[in-house]
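Biologist: Please take a close look at one part of this model and describe what surrounds it. I should then like the account to be carried outward to the neighbouring parts, with each term defined where it is used.

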Amino acid sequence: MVFGSAIAGGTSLGGGAVAFPVFTKILHIPPSDAKIFSLAIQSVGMTAAATTILLTGIKVELRVILWGSLGGFLGVFVGSAFLAPFVPPDVIKMSFTVMLTSFAITLLKLNQKPRELYQVMPVWRVKEQRIWLIVGFLGGVMSGLVGSGIDVFTFSVMVVLFGLCEKVATPTSVILMAVNAIAGFILQVFVFQDFIDPVRSYWFAAIPVVVVGAPLGAICCNLLPRETIANILIGLICIEVISSLLVINLTFIVIYSSLIALVVFSCLNYWMYRTKIFAQNQKEYYG
């Protein structure tokens with residue numbers, strides 16, 4: 001959690017991206033418990049990081065946070081209630097890894113050459129509001145499955161489709177994950193009533209660490225160049241991929257579902273990378 005809390009506050013991966021793989025792959029804790037812990041601990045750590053971001057004036061895109069959170073509320077409920085009980089644990093683990101892998105490849109391609117970056121959403125109309133509702137919903141579904149996901153999903157859309165700078169997209173995704181984690185945690189406690197021992201004990205043990213580590217991660221991230229942030233993300237995802245291949249039992253259903261997920265996420269990222277919709281919208285918006 002020392003490492004995970006710094007990742008939570010300083011990158012778009014969230015502490016759940018560290019907690020979930022460690023819990024499921026190394027400690028062999030059931031994915032359902034790992035997901036609940038991820039939501040619970042991020043509701044504390046990433047909220048502390050989000051508070052630090054807002055109080056220190058670090059630049060974020062508030063409109064993305066608002067509309068992404070609205071979609072995320074519904075998505076985390078759907079993922080927790082209707083998908084998590086029926087999707088095999090290894091499929092969940094590997095699908096999360098595949099989603100990260102697809103994004104890392106796209107991010108690596110983006111940073112191979114100079115590109116125009118924006119500090120705010122350059123276009124904001126009803127169309128963009130709908131996009132962020134959908135993106136928030138899909139990210140919330142992933143959070144409902146593994147306890148993390150809306151942050152990296154929204155980060156990829158901000159950076160790849162809309163051209164936002166990583167230094168703005170990162171704190172924005174941190175606040176989005178904090179809001180989504182609180183919503184998911186409330187669902188687990190009061191609706192599904194799954195927040196019981198030993199998960200509660202893990203949570204109490206980790207709280208003192210994350211309330212310090214996550215805000216420090218947010219501050220350090222703001223001081224780093226955007227290229228460094230991108231390289232850190234790619235490096236962490238590489239570690240995630242290697243650990244998944246070494247630990248997860250690659251059955252037929254896991255391999256088959258992972259290939260489908262890889263194709264879906266790769267096509268989505270490629271479409272965002274190649275699309276001209278952003279340039280067209282910008283031209284129309286400014287006349």
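Modeller: Helices are DSSP runs of H or I with at least four residues, strands are runs of E with at least two, and both are numbered from the N terminus. The model is predicted, so that local features need pLDDT of at least 70 and side-chain atom pairs count only at pLDDT 80 or more, whereas totals for chains, interfaces and linings use all residues. Residues are numbered from 1 along each chain as its sequence is written, and side-chain values use heavy atoms, with hydrogens and water left out.

The part chosen is Ser-102, which is found in helix H5. Ser-102 has a relative accessible area of 2% and is therefore buried (buried means under 20% relative accessible area, exposed over 50%, and partly exposed in between, with a 1.4 Å probe and protein chains only). Apart from residues up to four places away in sequence, Ser-102 touches Phe-265, Ser-266 and Asn-269, where contact means heavy atoms within 4.5 Å.

These partners lead to helix H11, which covers residues 252–274. Phe-265 and Asn-269 are among the buried residues of H11, together with Val-254, Ser-257, Ser-258, Ala-261 and Met-272. In an α-helix there are 3.6 residues a turn, so residues three or four places apart point the same way. The cover over the buried residues of H11 includes H5 (89–110), H6 and H7 (150–161). The end C-alpha atoms of H11 are 33 Å apart, in agreement with the 33 Å that its 23 residues should span at 1.5 Å a residue; the expected span is 1.5 Å times one less than the number of residues.

H5 also meets helix H10 (residues 226–247), their axes coming within 9 Å and crossing at roughly 145°. Axes are lines fitted to C-alpha atoms, for helices over the stretch in contact, and angles run from 0 to 180 degrees between N-to-C directions. The crossing of H5 and H10 is left-handed (a crossing is left-handed if the near helix is turned anticlockwise from the far one by less than a right angle, and right-handed if clockwise). On the H5 side, the residues in contact include Thr-101, Phe-103 and Ala-104, and on the H10 side they include Ile-237, Glu-240 and Val-241. Sorted by class, the contact of H5 with H10 has 13 nonpolar, 3 polar and 1 charged residues. In this classification Ala, Val, Leu, Ile, Met, Phe, Trp, Tyr, Cys and Pro count as nonpolar, Asp, Glu, Lys and Arg as charged, and the others, Gly among them, as polar.

H6, which helps to cover H11, in turn packs with H4. The axes of H4 (residues 62–83) and H6 (residues 126–146) come within 5 Å and cross at roughly 35°. H4 passes H6 in a right-handed crossing, and their contact has 12 nonpolar, 11 polar and no charged residues.

Charged pairs are the next topic. Side chains of opposite charge can pair when their charged atoms come close. The whole structure holds 2 salt bridges, a salt bridge being a side-chain nitrogen of Lys or Arg within 4 Å of a carboxyl oxygen of Asp or Glu. One of them joins Arg-63 and Glu-61 at 3.1 Å, N to O; Arg-63 is partly exposed at 30% relative accessible area, while Glu-61 is buried at 4%. In the pair of Glu-128 and Arg-125, the closest N and O atoms are 3.7 Å apart. Glu-128 is buried at 0% relative accessibility, and Arg-125 is partly exposed at 27%.

A return to Ala-104 of H5 gives a link to Phe-23: the two C-alpha atoms are 23 Å apart in space and 81 residues apart in sequence. Phe-23 lies in helix H2 and, at 10% relative accessibility, is buried. Leaving aside neighbours within four places in sequence, Phe-23 is in contact with His-28, Ile-29, Ala-34, Phe-37 and Tyr-202. His-28 lies in the loop between H2 (16–26) and H3 (31–55) and is exposed at 62%.

The backbone remains to be considered. Most residues other than glycine have a negative phi, and most peptide bonds are trans. His-28, although not a glycine, has a positive phi of about 55°. Gln-193 likewise has a positive phi of about 55°; Gln-193 is exposed at 57% and is placed in the loop between H8 and H9. Pro-198 is found in the loop between H8 (166–191) and H9 (199–223), and a cis peptide bond with omega of about 10° joins Asp-197 and Pro-198.
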